[in-house]
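Visitor: Please take me closely through one part of this model, the backbone around an unusual peptide bond, and then set that part beside other places where the backbone calls for a second look.

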Amino acid sequence: MIPLVRFGALSGCVTSQRITRRQVLAGAAVGLSGAAVAEASAGNSGADLVLFGGKVTTLDERAPLTQAIATKGDRIVAVGSNSDIRALIARGTKTIDLRGRRVIPGLNDSHTHLIRQGLSYTNELSLAGVQSVSEALALIKSQVDATPPPQWVRVVGGFTQYQFAERRLPTFSELNRVSGDTPVFLLHLYDRAMINAAGMRVLGYDHNPPSLPDSEVERDAAGRPTGMLIAKPNATILYSTLARLPRLDPLSQVVSTRLYMRHLNRRGVTSVIDAGGGGQAFPDDYGVIGDLHARGELTVRIGYHAFTQRAGDELADFHRIASLVSPGDGDSMLRMVGAGEMLVFSAADFEDFAQPRPDLPTRMEGDLTRVLQFFGERRWPFRLHGTYNESITRFLDVIERVYGPHGPGVRFILDHAETISARNIDRVAALGGGIAVQHRMSFQGEEFLQRYGFQAVRDSPPVRRITAAGVPVGLGTDATRVASDDVWNALYWLVSGRTMGGRVIYPPGNRLSRVDALRHMTVGSAWLSSEDNVKGRIRAGQLADIAVLSQDYLTVQERLIPATTSVLTLLGGRIVHAEAEHAAHNPPLPPVMPSYSPLAVGTNRL
C-alpha cells in the first residue's frame, strides 16, 4: 500500500559557491562549534556512529571540507576534525575508519523511474558499458542459453549505438544467429526497437504488425516486416510492444525492486525523485514499493510524482488520484511530491532527435489549462516534460495565464529543457520554478548534432546560463530507457562535455566544475522536492545520507569518473551497502529471482 500519512512541506534554497581556501581554513572552527552543540544535544549517550579519517566534501558553505562525521538516529549530529568528533564516542558508539577516502552527501537522482524499473530489473539484460557489437551479441547469446521458454531476453534501453566501436546496432542476421528460437526484444532509447524472428512470430508481428500514429514497422523490399519498430517520434509502439512481454510474478517483483535499490546504493544513490512513466499505473504499480516501505526494507528514499495514463481523460485521472493521495503524504522514505511529468498527452514533445521536432496540437493549451487550474485549487506541485524551446514557450504561456506572473506559489519543475532559450530561463526564474536536467545528450548528442548543428548542441541544455539566472537545477539520469541509471556518467557528462561515444559537444563555457556538478545532484535535486533543508549536505541536523567513494571524485583523472562507486553507503545512519574494506558490514540480500535472471547467470552485475 502507499502510505497516506501527512508529511509536512519542506523548504529551503539552493546556493552554488566555489570552495575557497579561506572557507577550508575556517572549516575546522565551524566544525568544532557544531560538534559542541551536537555533544550537548546527544547527552551522555554520545553518537550512534562516528566516521573518521576521511576527506569529507560537505557542500556546506560554512565548512566545505572536514574529516569526520557523527550520527545519532537518522541524523548527522556533528561534523569536524577527527579530534572534535572523537569526543562524541561513548559506550556503544560504532566507529568506522574511512582510510582517507572521499566522502560526499548521498546522491539524489532528480528524474528517474525507480518504481517502474524495480518491477523488471532482474529480468532485463543491460548493455551499459558494452563497447562493441560483438561484445553485445556475446552477452545476448549467453543470456539466450540460460533463458527457458516461453521467456524473452530483453534489453530495455539504457545504451546507445554510439558507445559501440562500430557506431551501429546489431543487424537482424547477427541477432537471429545468436538467439535462435528464443524471442529477443532490444530497445534502443525511445527511437526504435529490434525484435528477432522468434519474437516476431510470438507476437504475430511477422504477418500482422501494429499500426499506430507517428510510428512505423519497417518492411523489406518484399513488404515483409523486418522486426524494426520505429518511433516517428511517438514511442507508443515501443511501450505497447514491451507491455505484451511476460511480467515477473509478484514475489520476483519484490526481490527485483530490492536488488535494484541495492544496485543504486552501490553507486552512492540514497534518494530519487520518481517521475512516473508510461504504463506506470497509480496505485497498482506502486504496491511493491508501498509494501517494502511498510516492512522497513526501502534502501532509497523515494519522492514520487503521479503520472496520467489516459489520453483525453487526464483531468479525470488526476481527480481519481487526488481522491487517493495528496502532495506531502508519506514520510521521509516514501512521499508523494506532486503530479507529472506527463500532465496532458497533447503536451508530449518527444525527445527523439533522430526525428524532426514534433509540433504540439492546438488543443494543448486548453488541455493543460484545465489540469493546471485543478492543481492551483489544491496547491499541487507539478513537473512538466519540456524538451524543445518551442514547446516550453507555450507551456510557460499557459502557466502564466493560470497562475499569474509570479507563478503557482509552489515549486514546479521543468524537465529536460535541452533547447531552452535565455528568455524562457528568465521566465522560469520569475515563476519560481526549477529545472531538472539529465544526461540524455550523452546518449543522443550525435543525433542532435547531425540534425541541429554544432552551434545548437553547444548549449543543450545551457546549464551554466540556467544557474546564472538563479534557477535551481537538479541533476538526474532519466533512467532507465532513454538513458542509463549511472549517476557517475551523468556527473562526467556535465564535467567533460562528452557523449557516451566520446564526442565533445560542450565548450568549456557550458561545462561545470566537479563540485558544482555534484551540488546539482545533491542540494539541487533536494530543492526540486522541497527537501533541501534536510538533505543534500553533510551538516548537523540533516539526514545522515552519506557515500564513501571508491576513488577520489575530485582528483581522479576526468576519464575515470564513470568508474566511481561507493564502498560504504549510509541511509539515515544505517549501512545499506558496503564493499572493499567495509564488506563485512554489507547487509544480506535475498537470492536472485528468477533463476535465469542476468544477475543470476552473470551477464549483469548488481
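Guide: In this predicted model, T480 sits in the loop that runs between β20 (473-476) and α17 (487-496), and the peptide bond joining A479 to T480 is cis, with an omega of about 15°. The loop between β20 and α17 also holds D478, a residue other than glycine whose phi is nevertheless positive, near 60°. With a relative accessible area of 6%, D478 counts as buried, because that value falls under the 20% cut-off for burial.

A positive phi in a residue that is not a glycine is found again at L189, where the angle is about 50°. L189 belongs to the loop between β10 (184-188) and β11 (192-195), so that here the backbone feature lies between two strands, as strands are assigned from DSSP runs. L189 is buried as well, its relative accessible area being 4%.

A cis peptide bond also occurs from M593 to P594, with omega near -5°. P594 is placed in the loop between β23 (574-578) and α19 (598-601), and to return to the part you asked about, T480 likewise lies in a loop between a strand and a helix, namely β20 and α17. For a close look at that loop, the residues to follow on the screen are D478, with its positive phi, and then A479 and T480, with the cis bond that joins them.

Note on methods: Residues numbered from 1 in each chain as written. Predicted model: local features only at pLDDT ≥ 70, side-chain atom pairs only at ≥ 80, totals over all residues. Heavy atoms only, no water. Helix = DSSP H or I, 4+ residues; strand = E, 2+ residues; numbered from the N terminus. Buried < 20%, exposed > 50% of the residue type's maximum accessible area, 1.4 Å probe, protein only.
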